[in-house]
Amino acid sequence: MPLYDCMLLVKPLVTREATAELVARVARRAYQRNGVITDVKSFGKVQLGYGIKKLDGRHYQGQLMQMTMMVPPSFTQELHYLNKEDRLLRWLVVKHRDAVYGLEFINEDDGKYEMSGFNRERTKDDFDIETDSDDSESEFLTSSDEDSDAYKYEVEEDEKK
């Protein structure tokens, strides 16, 4: 089963008990579908970037909850009953990508061979190091330097030889 995050943005005046009941209701529905709730986090009251208009007015704050769960992919369609929940401002379900879970996690080799893809024969000396020529040094001289004319003259003499 894939790993999902369910984010719930609850109205700021909803009590903790009512918020816990809402989270428990989502968790019960996940358990009915043979899912597992792995983590529940509360971020407390958060300031919103814009007001969310509901029937009881505009809300500029909300209580943010995050539930991490392993549920079947069809479970996300079952959460549409949250649209009618008057305690919620917004809700969102996000699937974790590249998460290792289930039998794949048990059979994982714990990274023993994760460095085996690198060629160990190549050393630091094998890399080419570019050297600057003397011509490039004259590009950085400015007319405000006192010794700039003398330096240019020395460079020109070296080039003539």
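Is arginine 87 buried or exposed in this structure? Arginine 87 counts as buried, because its relative accessibility is 17%, where buried means under 20% relative accessible area, exposed means over 50%, and partly exposed covers what lies in between (1.4 Å probe, protein chains only).

Before going further, the reader should know that this is a predicted model, in which local features need pLDDT of at least 70 and side-chain atom pairs count only at pLDDT 80 or more, while totals for chains, interfaces and linings use all residues. Residues are numbered from 1 along each chain as its sequence is written, and side-chain values use heavy atoms, with hydrogens and water left out.

We can begin with the strands. Helices (H or I, at least four residues) and strands (E, at least two) are DSSP runs, numbered from the N terminus, and two strands are taken to pair if DSSP finds at least two bridges between them. Strand E2, residues 36-54, and strand E3, residues 57-70, run antiparallel and are joined by 13 bridges. The connection from E2 to E3 is a hairpin that passes through two residues, and within this pairing valine 40 stands opposite methionine 67 in E3.

From the strands we turn to the charged side chains. A salt bridge here is a side-chain nitrogen of Lys or Arg within 4 Å of a carboxyl oxygen of Asp or Glu, and by this rule the count comes to five. One of them is formed by the side chains of lysine 11 and aspartate 56, at 3.3 Å from N to O. Because lysine 11 lies in the loop between strand E1 (3-10) and helix H1 (16-32), and aspartate 56 in the loop between E2 and E3, this pair ties together parts that are 45 residues apart in sequence. Lysine 11 itself counts as buried, since its relative accessibility is 11%.

Arginine 87, with which we began, forms a salt bridge with glutamate 21, their closest N and O atoms being 2.9 Å apart. Glutamate 21 lies in helix H1 and arginine 87 in the loop between helix H2 (75-78) and strand E4 (88-95), so the pair ties together parts that are 66 residues apart in sequence. Unlike the buried arginine 87, glutamate 21 counts as partly exposed, at 33% relative accessibility.

A further salt bridge joins arginine 25 to glutamate 85, with 3.2 Å between the closest N and O atoms; this pair links distant parts of the chain, with arginine 25 in helix H1 and glutamate 85 in the loop between H2 and E4, 60 residues apart. Here arginine 25 is partly exposed at 27% relative accessibility, whereas glutamate 85 is buried at 10%. Taken together, Glu21, Arg25, Glu85 and Arg87 are linked in a network of salt bridges.
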